[in-house]
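Q: Can we go through this model together? I'd like to start with a backbone detail and then move to the ligand and the empty spaces.

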Amino acid sequence: MILEAKNITKSFINQNRKLNVIRNISLNIEKGELITIMGPSGSGKSTLLNIIGTLESFDEGELTINGKEIVKLSNESLSKIRNEFLGFVFQFHHLIPELNVIENVLVPLQIYQNEVNDFYAKELLEFMGIISRIKHYPSELSGGERSRVAIARALVNKPALILADEPSGNLDIENAEKLIQLFKKINDEFDQSIVIATHDKNVASIGDKNLILNKGLLSNSDII
Ligand code: ADP
Ligand code: MG
């Protein structure tokens with residue numbers, strides 16, 4: 001097991017009212033598992049993904065990633081997990097404007113390695129159909145192209161667990177389909193685990209395990 005979330009709860013206070021967004025959710029992620037979480041807008045998908053990605057705190061429960069209990073970790077150890085173990089594919093990404101496409105994609109590798117091999121970065125850009133833009137700067141790209149570059153950047157260090165929040169939301173149909181193929185391919189080839197939050201039934205159907213999030217509760221889907 002690479003991630004274990006146990007009895008997680010999370011609430012927000014909105015205009016003096018307590019909103020129980022995540023209610024006693026438990027989720028185990030095995031190596032190589034592809035999990036989809038489907039739910040309507042506002043059901044807590046992003047909150048749940050942010051919590052298991054260590055980007056957001058929770059009220060109660062336990063979160064263990066790669067055998068380490070998250071609340072006990074120092075900031076330094078947490079950063080290491082985020083950089084080396086987790087990959088985030090979110091709808092809104094920020095590329096570094098002063099770096100061109102390939103330089104942006106290589107940033108995660110440069111943090112830990114002196115000699116950076118760009119072979120896999122180029123393979124990812126090729127797969128996402130954006131290799132011809134390799135020397136372009138973010139300001140010279142469309143929103144969808146920038147998303148595809150950010151996706152390559154999130155995947156370049158082959159994270160053991162990829163968390164994707166509505167990953168195809170910003171892409172046209174063709175590129176959304178390519179992204180799903182890419183997820184399946186790396187899940188197959190490198191045994192990377194992937195969790196995809198989506199409201200799209202087609203995307204949700206690719207999971208080994210399809211979960212439904214509704215009113216803060218997680219259940220197995222029987223509609224796919
Ligand atoms: P989803 O990703 O499924 O659309 P979210 O996790 O973004 O759902 O949000 C779930 C609920 O929690 C929504 O009602 C949202 O308004 C509320 N919420 C999310 N983040 C915050 C926050 N930082 N402060 C207050 N309420 C929040
Ligand atoms: Mg969301």
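Q: What is the sign of phi at Thr54, the residue that follows α1?
A: The phi of Thr54 is positive, near 65 degrees. Helices here are DSSP runs of H or I with at least four residues, strands are runs of E with at least two, and both are numbered from the N terminus. This is a predicted model, in which local features need pLDDT of at least 70 and side-chain atom pairs count only at pLDDT 80 or more, while totals for chains, interfaces and linings use all residues. Residues are numbered from 1 along each chain as its sequence is written, chains are lettered from A and ligands numbered from 1 in the order in which they are written, and side-chain values use heavy atoms, with hydrogens and water left out.

Q: How many of the eight residues of α1 are buried?
A: Seven of them are, so α1 is largely enclosed by the rest of the structure. Buried means under 20% relative accessible area, exposed means over 50%, and partly exposed is in between, with a 1.4 Å probe and protein chains only. The buried residues are Lys45, Thr47, Leu48, Leu49, Asn50, Ile51 and Ile52.

Q: What about Leu48, buried or exposed?
A: Leu48, which lies in α1, is buried, with a relative accessible area of 2%. Its C-alpha atom is 9.1 Å from that of Gly216, although the two residues are 168 apart along the chain.

Q: OK, ligand 1. Which residues are around it?
A: Phe12, Asn14, Leu19, Val21, Pro40, Ser41, Gly42, Ser43, Gly44, Lys45, Ser46 and Thr47. A residue counts as near if one of its heavy atoms lies within 4 Å of the molecule.

Q: Which elements supply at least two residues each to that shell?
A: β1 (3-14), β2 (17-29) and α1 (45-52) do. The largest share, three residues, comes from α1.

Q: And how does the shell around ligand 1 divide by class?
A: Four residues are nonpolar, seven polar and one charged. In this scheme Ala, Val, Leu, Ile, Met, Phe, Trp, Tyr, Cys and Pro are nonpolar, Asp, Glu, Lys and Arg are charged, and the others, Gly among them, are polar.

Q: Which backbone atom lies 2.9 Å from an oxygen atom of ligand 1?
A: A backbone N or O atom of Lys45. A polar backbone atom of Gly44 is 3.0 Å from an oxygen atom of the ligand. On the nitrogen side, an N or O atom in the side chain of Asn14 is 3.5 Å from a nitrogen atom of ligand 1.

Q: How much of ligand 1 does the protein bury?
A: The protein buries 62% of the 560 Å² that ligand 1 exposes when taken alone. The areas come from the Shrake-Rupley method with a 1.4 Å probe; for residues, only the protein chains shown count as cover.

Q: Now the empty spaces. What is the volume of the largest pocket?
A: About 450 Å³. On a 1 Å grid over the protein atoms alone, a pocket is an open set of points with protein on both sides within 12 Å along at least five of seven lines, a cavity is a set where a 1.4 Å probe fits but cannot get out, and lining residues have an atom within 4 Å of a point. Grid points are joined across faces, edges and corners, and a volume is the space filled by probe spheres set on the points.

Q: What lines the largest pocket?
A: It has 19 lining residues, and Asn83, Phe88, Pro108, Arg153 and Ala154 lie nearest its centre. β6 gives the largest share, four residues. By class, the lining has twelve nonpolar, five polar and two charged residues.

Q: How many cavities of 30 Å³ or more turn up in the whole structure?
A: The search finds one. Its volume is about 70 Å³. Among the residues that line the cavity are Tyr120, Glu123, Phe127, Leu182 and Phe190. The elements giving two or more lining residues are α4 and α6, and α6 has the largest share, with five.

Q: Back to Glu123. Where is it?
A: In helix α4, residues 119-127. Glu123 is partly exposed, with a relative accessible area of 39%. Glu123 and Pro97 are 26 residues apart in sequence and 22 Å apart in space, C-alpha to C-alpha.

Conventions. Polar contact = N/O pair within 3.5 Å; in protein donor to acceptor, adjacent residues only side chain to side chain.
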